[in-house]
Amino acid sequence: MLTLTCPYCGIAACETELTPGGEAHLTRFGPGSSDDDFEAYLFLRPNVRGVHFERWRHAMGCGKWFLAARDTATLEVFGTYPAQTTEPPEDIVAAIKAKRPDWEGRP
Amino acid sequence: MRRYSAFAIAREAARHHLGWERAWRSPTPKAQYDVVIVGAGGHGLATAYYLGKNHGIRNVAVIEKGWLGGGNTGRNTTIIRSNYLQDPSAAIYEKARSLYETLSQDLNYNIMFSPRGVMMLAQTEHEIRGYRRTAHANALQGVATEFIGPAKVKELCPIINIKGPRYPVLGALWQARAGTARHDAVAWGYARACSDMGMDIIQQTEVTGVRREGGRVTGVETTKGFIGCSKLGIVVAGHSGVMAERAGFRLPIESVALQALVSEPIKPVMDVVVMANTVHGYMSQSDKGEMVIGGGADGYNNYTQRGSFHHVEETVRALVETFPIISRLKMLRWWGGIVDMTGDRSPIISKTPVDGIFVNCGWGTGGFKAIPGSGWAMAELMAKGHSPLAAEFGMDRFREGRFIDESVAAGVAH
Ligand SMILES: Cc1cc2nc3c(=O)[nH]c(=O)nc-3n(C[C@H](O)[C@H](O)[C@H](O)COP(=O)(O)OP(=O)(O)OC[C@H]3O[C@@H](n4cnc5c(N)ncnc54)[C@H](O)[C@@H]3O)c2cc1C
Ligand SMILES: [Zn+2]
């Protein structure tokens with residue numbers, strides 16, 4: 001059972017309390033953008049086997065969206081953080097690098 | 001290859017079974033092939049088979065990182081049906097279903113195709129309308145299905161509780177020539193036939209990179225060294241994203257876990273397949289007597305072949321209400337597979353941005369039923385550059401907004 005700590009309420013929530021929301025840190029391309037950018041934003045995903053940044057909603061709790069860094073090949077969780085950011089914060093990156101020295105950053 | 005037959009069984013019985021041959025060779029890879037297929041699941045092996053059988057291309061290697069059929073092909077609940085809503089889906093799934101009818105004879109390998117009938121329960125007013133619509137669409141597509149009422153459901157499957165308090169059974173979409181087959185045998189039968197045509201199936205070898213020159217594929221890096229090829233087919237289901245990244249492009253695919261479980265064997269209690277899509281549960285009984293149970297996929301990216309317990313709990317809870325007889329069964333085995341999900345829940349059979357590389361993926365939770373049709377189409381696409389069955393399934397359809405939307409049509413698609 002996957003457990004993620006909601007960064008707003010500090011509760012270690014089990015996944016039945018949470019709703020997954022797909023990859024995090026996507027740059028939104030809207031009207032006026034090129035076809036390539038729009039396609040990549042809407043559909044194309046690196047679908048990483050390894051360190052993955054993703055959106056979760058504390059649906060059965062505070063109802064807010066937050067972000068998590070997780071390894072899709074081991075189910076290990078590196079940490080969670082508020083959604084009001086375009087890049088993973090430094091402490092999360094450090095936590096990942098401590099355990100995955102070869103990690104090359106987000107694709 | 002020595003053919004299997006009743007006579008062969010008698011002959012071998014008379015000489016202590018010493019004359020059986022290995023079903024396929026385990027060759028060392030050659031330096032160069034006309035075609036390399038990555039992934040010896042059902043779809044990869046069927047692609048190789050029809051390349052040889054329909055197009056005379058036999059200088060082919062199928063490279064598999066584990067053992068053949070050990071991916072989703074050996075992990076699924078074996079439901080075969082073709083009652084899809086959209087025309088391109090009905091065409092390829094019905095092609096597959098009709099090839100399954102005679103596949104045992106074609107391969108000289110008993111794949112145990114059992115057209116016992118599949119019913120998809122309508123448990124809400126919305127589902128009744130949806131399945132009536134599908135039945136009409138199927139009539140136009142030449143796929144034999146019908147919408148049946150609750151009394152007929154009960155007659156076909158007496159153990160079903162049609163008056164469930166939460167989700168009463170209001171009717172069902174019934175396809176009489178749908179059913180199941182032995183999943184391992186499908187992989188083994190194709191593998192044996194491919195090997196017999198002189199193709200090399202190379203197991204325990206991972207493809208770790210794709211070599212390209214001037215926008216064209218020249219071969220693959222593997223854990224057994226470089227293997228050259230003129231054309232490359234990537235048919236790796238849950239690992240499609242990983243392989244695409246190695247080949248230098250991206251796919252509209254996310255990989256998630258899907259689970260299944262089987263009970264202890266009991267006497268025969270049901271001889272049809274029942275799918276209850278609203279409650280995310282489906283069940284059939286294997287020839288050994290086990291109840292084979294599947295449910296919904298997880299919602300988050302995962303490569304571990306382990307899924308979330310609460311999905312299994314939801315599935316079992318719903319099925320116990322629908323089939324009270326199973327409430328005290330013990331479950332024997334429980335496992336997961338990593339399925340490759342597209343946004344419209346339809347597959348991708350396509351050329352790619354790299355010349356000579358073709359991809360077949362996105363079958364997600366429901367590609368076992370499609371194996372023969374998918375291999376047929378993929379082989380034609382790789383041999384000729386175009387296949388009528390595959391035409392609508394190109395990866396460009398997302399960019400162009402031509403979705404083949406089966407997610408709205410089915411809710412789930414096993
Ligand atoms: C629990 C469950 C239940 C299901 N139930 C049904 C059902 O009832 N009906 C239905 O129609 N479908 C069902 N499906 C879906 C079905 O199993 C799949 O769509 C289908 O088997 C996919 O076949 P494949 O050949 O594409 O993939 P796989 O059988 O997964 O084959 C891909 C192969 O590629 C290999 N590979 C990956 N990466 C590499 C690499 N780098 N180098 C070499 N080899 C590599 C893997 O080891 C694997 O053997 C179910 C799936 C699951 C998990
Ligand atoms: Zn919260």
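**Figure 1. Lining of the largest cavity in the predicted model.** The residues around this cavity are A:Glu23, A:Ala24, A:Pro46, A:Val48, A:Val51, A:His52, A:Phe53, A:Arg106 and A:Pro107. A cavity is a set of points, on a 1 Å grid over the protein atoms alone, where a 1.4 Å probe fits but cannot get out, and lining residues have an atom within 4 Å of a point. The volume of the largest cavity is about 80 Å³, where volume denotes the space filled by probe spheres set on the points, with grid points joined across faces, edges and corners. Strand β4(A) supplies the largest share of this lining, three residues; strands (E, at least two residues) and helices (H or I, at least four) are DSSP runs, numbered from the N terminus. The lining comprises six nonpolar, one polar and two charged residues. In this classification Ala, Val, Leu, Ile, Met, Phe, Trp, Tyr, Cys and Pro are nonpolar, Asp, Glu, Lys and Arg are charged, and the others, Gly among them, are polar. The count of cavities of 30 Å³ or more is five.

The model is predicted: local features require pLDDT of at least 70 and side-chain atom pairs count only at pLDDT 80 or more, whereas totals for chains, interfaces and linings use all residues. Residues are numbered from 1 along each chain as its sequence is written, chains are lettered from A and ligands numbered from 1 in the order in which they are written, and side-chain values use heavy atoms, with hydrogens and water left out.

**Figure 2. Coordination of the zinc ion (ligand 2).** The ion is bound by A:Cys6 (SG), A:Cys9 (SG), A:His58 (ND1) and A:Cys62 (SG) at 2.0 to 2.4 Å. Donors are N, O and S atoms within 2.8 Å of the metal (3.2 Å for Na, K and Ca); water is not among the atoms, so sites may look incomplete. Angles of 106 to 114° among the four donor atoms make the site tetrahedral, a label that requires all angles of four donors to lie between 85 and 135 degrees. The donor residues follow the spacing C-x2-C-x48-H-x3-C in sequence. A:Cys9 lies in the loop between β1 (3–5) and β2 (12–14) of chain A, and A:Cys62 in the loop between β4 (51–57) and β5 (65–71), so this pair ties together parts that are 53 residues apart in sequence. A:Cys9 is partly exposed, at 34% relative accessible area; A:Cys62 is also partly exposed, at 34%. Buried means under 20% relative accessible area, exposed over 50%, and partly exposed in between (1.4 Å probe, protein chains only).

**Figure 3. Cysteines of chain B.** B:Cys157 is buried, with a relative accessible area of 1%, and B:Cys361 is likewise buried at 1%. The closest cysteine sulfur to that of B:Cys361 belongs to B:Cys229, 18 Å away and too far for a bond. Over all chains there are zero disulfides, a disulfide being a pair of cysteine sulfur atoms within 2.5 Å.

**Figure 4. Helix α2 and two loop residues of chain B.** B:Lys53 belongs to helix α2 (residues 42–55) and is partly exposed at 42%. Its C-alpha atom is separated by 9.6 Å from that of B:Ala193, 140 residues apart along the chain. Most residues other than glycine have a negative phi. B:Gln204, however, has a positive phi near 55°; this residue lies in the loop between β8 (200–202) and β9 (207–213) and is exposed at 54%. Phi of B:Ala237 is also positive, near 45°. B:Ala237 occupies the loop between β11 (225–234) and α8 (240–247) and is partly exposed at 26%.

Key: Tetrahedral: all angles 85-135°; square planar, octahedral: opposite > 155°, others 65-115°. 1 Å grid on protein atoms, 1.4 Å probe; cavity = no way out; pocket = protein on both sides within 12 Å on 5 of 7 lines; lining within 4 Å.
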